[in-house]
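User: Please go through this structure with me in questions and answers. Keep it brisk.

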Amino acid sequence: LMIYLTLIRKIMNKRALYCTVICLYLSFSGFAQVYEDFNLSEYVTPDIVRSQLDFSLRTAGSFTDNETSKNDLFRINGDLNTAFDKYKNTRSYWNRQMLVVGMSGNYRNELKEKNSDYGLTFNYQNVNRFYTSDMRFFEVSPSVDVQLLGYKTGGLLVDVKTHNNSYYANIPMSVGKGRIEQVEDARQAIYILENLDKQGVLNRKLTTEEIHAFAQTISTVKNKRFLDARLRMIDEITTVDSVLVNMGVLSSGGAPYFTTLYDYWMYGDLFSRGSGTVYKVGLTPFINHRNYNNVSDLQSVKLTGTGVTAKLSYENEKPLNLYWQQSIWAEASGSYWHSKINLPSDNTSHMVDMGLNGRYTLGYYPTSRTNVNFGFDESLYWGQRTYKDTPEPNDKYTYLTSYTGAFVDLYYYISPQFRFALNANLGLRYTDNIKPKQDDPKNLMWTGNFVAKLTYSLF
């Protein structure tokens, strides 16, 4: 009898334990799933203006393992960048301006040669998109890129030092249809509401219309600029608090309410999330000038190129749910450009190329501080270059190249100002020198690289 009683007691204890675990799971999952059904894709961004100034330190390494020759390569580099990014969004006008100034240094070891370079770069881009009422748009996006580089090659009989100054400008012009809405403010609204609900300070669940109104308030209040960060924080928290009070959804205030609101106001909108589709077709005229100066023998080579590129592109951003994001990009392009180079006599050439590019990305956002992206890249290019001023006029060089690769990106915010990013990719590159035929025209190589980046955001 005692044996049976002991057995029954153990069974009852296990049942009690299982029931407790199930109740806790349902309780916590119930908290987490209060707003699980909210659709980020339905959010419409109000008129907003954002500005950001970042300082970043980056280090990277790459390798090439050639399957058809012994021409392997290892490279390591680093750079220090300052980037200003300004974004404006209204129903009739979309604008983004980006200015990047950077310093870089690189080292590589190839074919027993040790090469290093250092440089200063400057890049400015201004994207302007003018919308009609039916989501059609005209886009013009002038950009300028300047690179001032120095090279040193060792491992030969004598070291060779060269300077390479490059200047590039283009004006992409296109027409298209569609729009990608920035929905990270709606995600921040859900972060705030979910965690306030966990703290037991909400007396009911907000409706979809109330969530949209709350998110739009979040978007709008960030438009204000303050020289004093404390005054900005006070104004933003006060505005958000007043909205919740006016909705009548607060059952209590106090420390749990304000600490939760403050925490997810600081950390709830750190990652960009998009929703929508854009189709676009356009032309990009461009000009490029390079000047190579060999410091060792005082020789100089100048190259000037002009051309035009036609592109057809597709872009789609889709939040699968609150935690997963799908991104698809595809592009078909064709280019023609004419170049002139003095070697020491003038030599002109023209080139035609066609390409297909695609990328698929799946992003996972488990917390407000961390996200991971992983996906695949695919590209295919065909090109033909014709030289006019060679011993055999109209010499043609034709090539075909393709790349298939996979990548992973990891982002983590140490604080609202400091963030860490890590990227790694691995791919297979194929090159076929079709004309003229060479002893070993086909080249198959594995390529890979990693990038680690630490960024401080001033505002």
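What follows is a set of short exchanges on this model.

User: What kind of model is this, and which pLDDT do side-chain atom pairs need to count?
Analyst: This is a predicted model with residues numbered from 1 along each chain as its sequence is written, and side-chain values use heavy atoms, leaving out hydrogens and water. Totals for chains, interfaces and linings use all residues, local features need pLDDT of at least 70, and side-chain atom pairs count only at pLDDT 80 or more.

User: How many helices and strands are in the protein?
Analyst: Both are DSSP runs numbered from the N terminus: helices are H or I with at least four residues, strands are E with at least two. By that rule the protein has five helices and 16 strands.

User: What percentage of the residues of the protein count as buried?
Analyst: Buried means under 20% relative accessible area, exposed means over 50%, and partly exposed lies in between (1.4 Å probe, protein chains only). The protein has 459 residues. The buried share is 38%.

User: What share of the contacts with a separation of 6 or more comes from residues 24 or more positions apart?
Analyst: A contact means heavy atoms within 4.5 Å. Among contacts in the protein with a separation of 6 or more, residues 24 or more positions apart account for 66%.

User: How much space lies in the largest cavity?
Analyst: On a 1 Å grid over the protein atoms alone, a cavity is a set of points where a 1.4 Å probe fits but cannot get out. Grid points are joined across faces, edges and corners, and a volume is the space filled by probe spheres set on the points. The count comes to one cavity of 30 Å³ or more. The space in the largest cavity is about 80 Å³.

User: Which residues lining the largest cavity are the closest to its centre?
Analyst: Lining residues have an atom within 4 Å of a point. The largest cavity has 13 of them. Helix α2 gives the most, with three residues. The closest to the centre are Arg187, Tyr191, Gly268, Phe271 and Tyr365.

User: How many residues of that lining are charged?
Analyst: Ala, Val, Leu, Ile, Met, Phe, Trp, Tyr, Cys and Pro count as nonpolar, Asp, Glu, Lys and Arg as charged, and the others, Gly among them, as polar. The lining of the largest cavity holds six nonpolar and three polar residues. The charged residues number four.

User: Which side chain of opposite charge is the nearest to Arg187?
Analyst: Arg187 sits in helix α2, residues 184–198. Lys and Arg count as positive and Asp and Glu as negative, with His and the chain ends not counted. Arg187 is buried and has no salt bridge (a side-chain nitrogen of Lys or Arg within 4 Å of a carboxyl oxygen of Asp or Glu). The nearest side chain of opposite charge, 4.2 Å away, is Glu194.

User: Which element gives the largest share of the lining of the second largest pocket?
Analyst: A pocket is an open set of grid points with protein on both sides within 12 Å along at least five of seven lines. The second largest pocket holds about 300 Å³ of space. Of its 17 lining residues, the closest to the centre are Asp79, Ser104, Asn106, Thr121 and Gln147. The largest share, five residues, comes from β3.

User: Which residue forms a salt bridge with Asp79?
Analyst: Asp79 is buried, with a relative accessible area of 11%. The closest N and O atoms of the pair are 2.6 Å apart. Asp79 lies in strand β2 and its partner in strand β1 (residues 48–66), so the pair ties together parts that are 21 residues apart in sequence. The partner is Arg58.

User: How many residues apart in sequence are the parts that Glu139 and Lys280 tie together?
Analyst: Glu139 forms a salt bridge with Lys280, with the closest N and O atoms 3.2 Å apart. Glu139 lies in strand β5 (residues 136–140) and Lys280 in strand β9 (residues 274–294), so the tied parts are far along the chain by a separation of 141 residues.

User: Is Phe122 buried or partly exposed?
Analyst: Phe122 lies in strand β4. Phe122 touches Leu99, Val100, Val101, Val144, Asp145 and Val146, not counting residues up to four places away in sequence. At 34% relative accessibility, Phe122 counts as partly exposed.
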